[in-house]
Amino acid sequence: MKKAILLLSVFVCFSSMIFAQSSKAKVEVLYFKANLACCKAKACNMVESDITGILQKNFADSSVILREIKLADDANKDLVAKYKAQSQTVIIRKVTKKKECSADVSDLVKSYMLDQNKENLEKSLLAKISEVKKKK
């Protein structure tokens, strides 16, 4: 009898953990990239690296991840069309079982390319991520 109760409690514990993990929303930062000439590619890679650093610093638990999306890759055609993406388009999106919400933050990246203010980029990016996370 004690073994049955123990097994039942272990089963309930694991099933609740699995259910809790599957119901969490996944937040992604989609970074769209084109095949660019050397000079432009360096700038594009620098921005991607800075965004990656911001996400690793603030979301070490991997609750927000960066996904590089190649514009020329046929597997990405749906995403490119959905967001009307061009090179350096940046989309924050949260996907749940029932729906998806997103925010285009490409303007933040363009501003960062002009002023090189990494603190401002981090502050603005984190605010937008927080905004998307709160959406239901």
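The following dialogue works through several features of a predicted model, from the whole chain down to single residues.

Biologist: Which secondary structure elements make up the chain, and in what order do the elements run from the N terminus?

Modeller: This is a predicted model, and each statement below should be read in that light. The chain contains five helices and four strands. Read from the N terminus, their order is α-β-α-β-α-β-β-α-α.

Biologist: How many residues does the chain have, and what share of them counts as buried?

Modeller: The chain has 136 residues, and 30% of them count as buried. Its accessible surface comes to about 9,200 Å². Carbon and sulfur atoms account for 58% of that surface.

Biologist: What do the contacts reveal about separation along the sequence?

Modeller: Consider the contacts between residues at least 6 apart in sequence: 65% of these join residues at least 24 apart. A single pair gives a further illustration of separation in sequence and in space. S62 and E28 are 34 residues apart in sequence, yet their C-alpha atoms are 9.8 Å apart. S62 belongs to the loop between α2 and β2, and with a relative accessibility of 52% it counts as exposed.

Biologist: How should one read the faces of a helix, and which residues of α4 are buried?

Modeller: The general idea is that an α-helix has 3.6 residues a turn, so residues three or four places apart point the same way. In α4, which spans residues 106-115, the buried residues are S106, L108, V109 and Y112. Viewed down the axis of α4, these buried residues fall within an arc of 155°, so they line one face of the helix. The face turned away from that buried side carries the exposed residues D107, K110 and L114.

Biologist: How is the packing of α4 against α5 described, and at what angle do their axes cross?

Modeller: Two packed helices are described by the angle between their axes and the distance between the axes. Here α5 covers residues 118-134, and its axis comes within 9 Å of that of α4, with a crossing angle of roughly 170°. The two helices are therefore roughly antiparallel to each other, since angles over 145 degrees count as such.

Biologist: Which residues of α4 and α5 meet?

Modeller: From α4 come L108, Y112 and D115; from α5 come K118, N120, L121, S124, L125 and K128. By class, this contact comprises four nonpolar, two polar and three charged residues. L108 and Y112 thus appear in the contact and also among the buried residues of α4.

Biologist: Where does Q116 lie, and what is the sign of its phi?

Modeller: Q116 is found in the loop between α4 and α5. Its phi is positive, about 55°, although Q116 is not a glycine. With 42% relative accessibility, Q116 counts as partly exposed.

Biologist: Where is K84, and is K84 buried or exposed?

Modeller: K84 sits in the loop between α3 and β3. K84 is exposed, its relative accessible area being 70%. Phi of K84 is also positive, near 50°, in a residue other than glycine.

Biologist: Is E48 buried or exposed, and which residues does E48 touch?

Modeller: E48 lies in helix α2, residues 38-58. Buried means under 20% relative accessible area, and E48, at 12%, is therefore buried. Leaving aside residues up to four places away in sequence, E48 touches Y31, K33, L66 and E68.

Definitions and conventions
Residues are numbered from 1 along each chain as its sequence is written. This is a predicted model: local features need pLDDT of at least 70, side-chain atom pairs count only at pLDDT 80 or more; totals for chains, interfaces and linings use all residues. Side-chain values use heavy atoms; hydrogens and water are left out. Buried means under 20% relative accessible area, exposed over 50%, partly exposed in between (1.4 Å probe, protein chains only). Contact means heavy atoms within 4.5 Å. Accessible areas come from the Shrake-Rupley method with a 1.4 Å probe; for residues, only the protein chains shown count as cover. The arc is that of the directions from the helix axis to the C-beta atoms. Axes are lines fitted to C-alpha atoms, for helices over the stretch in contact, and angles run from 0 to 180 degrees between N-to-C directions. Angles under 35 degrees count as roughly parallel, over 145 as roughly antiparallel, 65 to 115 as roughly perpendicular and the rest as oblique. Ala, Val, Leu, Ile, Met, Phe, Trp, Tyr, Cys and Pro count as nonpolar, Asp, Glu, Lys and Arg as charged, and the others, Gly among them, as polar.
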